[in-house]
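Take a look at the model below. We'll start with one residue and its contacts, then move out to the core and to where the chains meet.

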Amino acid sequence: MRPLRPGSPLTGAVLADRAISYDGQDGQTGNGVLDVEDLKVHFPIKEGLRRRVVGHVYAVDGISFRVGHSETLGLVGESGCGKSTTARAIIRLVNPTDGRVVFMGQDITTLPRKYLRPVRKSLQIVFQDPYASLNPRMTVREIVAEPLKIHGLWDDGGVDRVAELLRLVQLSPEHGNRFPHEFSGGQRQRIGVARALALNPRMLLLDEPVSALDVSIQAQVINLLMEIQEELELSYLFIAHDLSVVRHISHRLGVMYLGRIVEMGTRDEIFENPTHPYTQALLSAVPVPEPRGRETRERIVLRGDVPNPADPPSGCVFRTRCWKAQDICAVETPPLVEQFGHLVACHFAAPLEILSSTGDKA
Amino acid sequence: MTDQQVRADEALETEATRAALESVHLEGLEVQSLTQWQLARRKFFQHKLAMTSLVILTLVFLAAMFADFVAPYPFDATNVPDRSLAPTFEGLHIFGTDKIGRDYFSRTLYGTRTSMYVAFIVASVSTVLGIVIGGIAGYYGGKVDNLLMRLTDLFLTIPFLAILLVLSSFLGAGNPVRVAFILAFLFWTGLARIVRGEFLSLREKEFVEAAKVLGASDSRIIFRHILPNTAGPIIVNATLIVATAILVEAALSFLGFGIQPPFPALGKLISDGQDSLTTQWWLATFPGLTIVLIALCINFIGDGLRDALDPKQRIK
Amino acid sequence: MTEPVLAIRDLVVEFDTTDGVVHAVDGVSYEVYPGETLGVVGESGSGKSVTVMSALGLIQMPPGRIVRGEVVYKGRDIIGLPADELRKIRNKEIAMIFQDPMTSLNPVFTVGDQIAEALTAHNDQMSSDRARAETVGLLEMVGVPNPDRRFDQYPHEYSGGMRQRAMIAMAMANKPSVLIADEPTTALDVTIQAQVLEVMKLAAEETGAATIIITHDLGVVAEMADRITVMYGGKVVETGTVDQIYHTPRHPYTLGLMMSLPRITGEMKRLLPIPGNPPSLINRPPGCSFHPRCRMSEGRELCRTVIPDLISGAEDHPSACHFRDEVADELLREAAATGIAAHGGSLG
């Protein structure tokens, strides 16, 4: 465990609180802060007067990953890939259908609400929409104080703590008296971050935290998140569809498609050495703010649309849009195994340089 | 250019204008230090009709509540020498008198007071009922929701009013308080539906999910997060209930149900006077006008409230 | 010297709201020439969308108000034209596509019928058979599979990307001279976006239309545009070729944008965000609207008091900054801080 930097305003408070909420489990097992094993979330589709179950939406269909201490795991994918559902299942806004979610050594998959409450102190979430995630009728102070009030931590120095949190996200404590509608999107998102940090969590789930923000503001919030991560040694699960943002903030990355992880590795491995056809297509499709890039980059344009998650293709779910698809792809689901140095789920994985030729040369 | 295309274009214009205004406001680009309530209050004060109605209604309300001091005569005081007088300032019989000399200004005042009692009870009881039932149904959903909605449907389809009113004649005829409670059981259904709808939609909002993730209890979520955000529609509806309650009570006492003598009731006053409409027009007219006035005022106030609480209206 | 197909000249548009007068568009001028693609780039409150919406008469007046300006289409000022004439121009000569395809697509009619109707509305002689055939051809051009079958389907049976393509087909049906795309791919997934952008390029090539693409996405605009206009706070702050804007920006806002973008390639260091928040369009800062957030301004009086004009330097493209010459040096400094490659006053 890296030592906390002396002189950081929260160090003392953090150390004291952490001692209480850890239970010493983290250091003992040596496991990740978050371990997800074969997580599945299937939503039943009900029809008719008697609400018969006629099918399922396989939103998340067997994913496993680990997030380590003070590390950011990015989860990327397009709409319908299940990345948001994954976050919501971990935080139990939605209940997992199968699989295990182990947080700080504790299996929280089916933990009843009563026992889940203390866990909430260590695992929090920041939502995508800065306009909808704050109660319009509460002042900023009330919003940031709420977690403290819920967990009985308000009476003893709560006011100071709220001021401290607001300063941490680069807002002034005077802003506490105002209402959310008086702030810009970027500021509202900071308020959401302050709220998530109120209880000294070990890990934050960030569900598209900058997608709804203007470009110039995104950078502010990204920087803030990275600073906070370093200062408080937080782990992040960073969910996004914007690959350049994910590249900036993540240490490791998982690429999701239709409820599965198709490739996972360190940031550099994924960006410099993508081996799954979907990852390659994704990297090739991202518009790069570099005019010369258009001529030199390998272009892969996928045909067709994402299949219906209620009716996924047999075998490899990507095969309907994959230029490498063969018969075996319809029959055998490729396992996520180590090939070419990192994990990938493809029968025909092969490295392909997509990005290195883009815009680095004068 | 076909009609359909023209209409499509017009829809586009509306949408484009709205989007343009929204994009400007969305970024908090004008820092406005008014809260929703302050903004609503300001908008309400600008609504002339509502403000006038509020003033008039307040005056009527005060006069009726303090009827004991304002009315020149008790409700039932007869004064045979002054019988059948047309409205006159003599003896302060400004609404005239009836065949046995009862002063109709006083009677109207007392009748109004009864109406207000009834309306108040009906509005509060049915609002509370509506919020509780609609809230539970909307928040918990599923079987609970189904059950409660079937209950609501029951209250709508079975002629509870008829049944209860007939019963009431056995349970203590004509007492305004009892009648009010019975009526309240009629009016909660509309509010329950609305509250349920609000709860259903607010339940999915991200700030409610955020509260759940923070570990908030159900009651905290309901009272701290959802209810304050439903206040707008609830208030508007409660106002309408008041208006309707007054009208229904008047209709009932007119028909001989509901509130009965010795309790004063505007409807009964009207029914008493309907036979002499041509000869002593003032007997039915003034109580009737009073009802109309009150109902209109409440409706206009309701309009004003609805406009004031509508968050979308930012255009001058 | 060719004439621009569409030229917006000194357009000023305001809105009356309960909070005050909103100066949404404050003297905006730009033009687009036949066959080229112009990218209009800006963030929330920049006025990029309101400009074209007002130019085409799509904003209701009130609450909107065109204070002054001209919008010259093929030599004719179209501001103040009667509504039905504007409508004709909008549907035949200047076509628009939007972020939400359902803005143009009516859910109760089949896609094919709607496109065919766009054709027959402007071509009295066209028979319905011919319209159908042409529509199928259009659907094919935009890459909708099984166009003959898809003709008879409703918008909800199309996926998001396909709906966008149908909208492009409808826009291109009458071979407009100008195609205006307002955030056409913002709501789409990256892989679908790539498809749709490809279709747009194709459509523009086939018809020779001038294209204006309005977006906040600097990647999209780098791919699609020949020239770029950068907008901020209701004004144009810089305009130039795509090379000039990306490699030698001459306005601190443009530079700030480039430096704050997370990149998908190249060495990575800290992002250099533009501090502060977008300006209020009601209470505008005096002088240059960008100065409260400008790293280069350093509170200099000129920035705080005088609104800079959009003018070209000696060898440079137009930029609205009093200290445009300093931007080059600033570029080098910031590029070094962020790890983006830069030499000789230019990026990349």
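Leaving aside neighbours within four places in sequence, Leu237(A) is in contact with Leu34(A), Val67(A), Leu73(A), Leu75(A), Ala87(A), Leu205(A) and Leu206(A). Being in contact here means that the C-beta atoms, placed from the backbone, lie within 7 Å.

A quick note on the source: this is a predicted model, where local features need pLDDT of at least 70, side-chain atom pairs count only at pLDDT 80 or more, and totals for chains, interfaces and linings use all residues. Residues are numbered from 1 along each chain as its sequence is written, while chains are lettered from A and ligands numbered from 1 in the order in which they are written.

Back to Leu237(A): together with Ala245(B), Leu237(A) touches the most other members of the largest nonpolar core, which has 286 residues. (A nonpolar core is a set of buried Ala, Val, Leu, Ile, Met, Phe, Trp, Tyr and Cys residues joined through C-beta atoms within 7 Å; buried means 20 or more other C-beta atoms within 10 Å of a residue's own.) α10(B) gives the largest share of this core, 14 residues. Helices are DSSP runs of H or I, at least four residues, numbered from the N terminus.

Now for the chains that touch chain A. Chain B brings 20 residues to meet 24 residues from chain A, and α9(B) gives the largest share of chain B's side, seven residues. For chain C, 40 residues are in contact with 35 residues of chain A. Here α7(C) has the largest share of chain C's side, six residues.

| Side touching chain A | Nonpolar | Polar | Charged |
|---|---|---|---|
| Chain B | seven residues | eight residues | five residues |
| Chain C | 17 residues | 15 residues | eight residues |

In these classes, Ala, Val, Leu, Ile, Met, Phe, Trp, Tyr, Cys and Pro count as nonpolar, Asp, Glu, Lys and Arg as charged, and the others, Gly among them, as polar.

Technical notes:
Two residues are in contact if their C-beta atoms, placed from the backbone, lie within 7 Å. Helices (H or I, at least four residues) and strands (E, at least two) are DSSP runs, numbered from the N terminus. A residue is buried if 20 or more other C-beta atoms lie within 10 Å of its own, exposed if 12 or fewer, and partly exposed in between; C-beta atoms are placed from the backbone.
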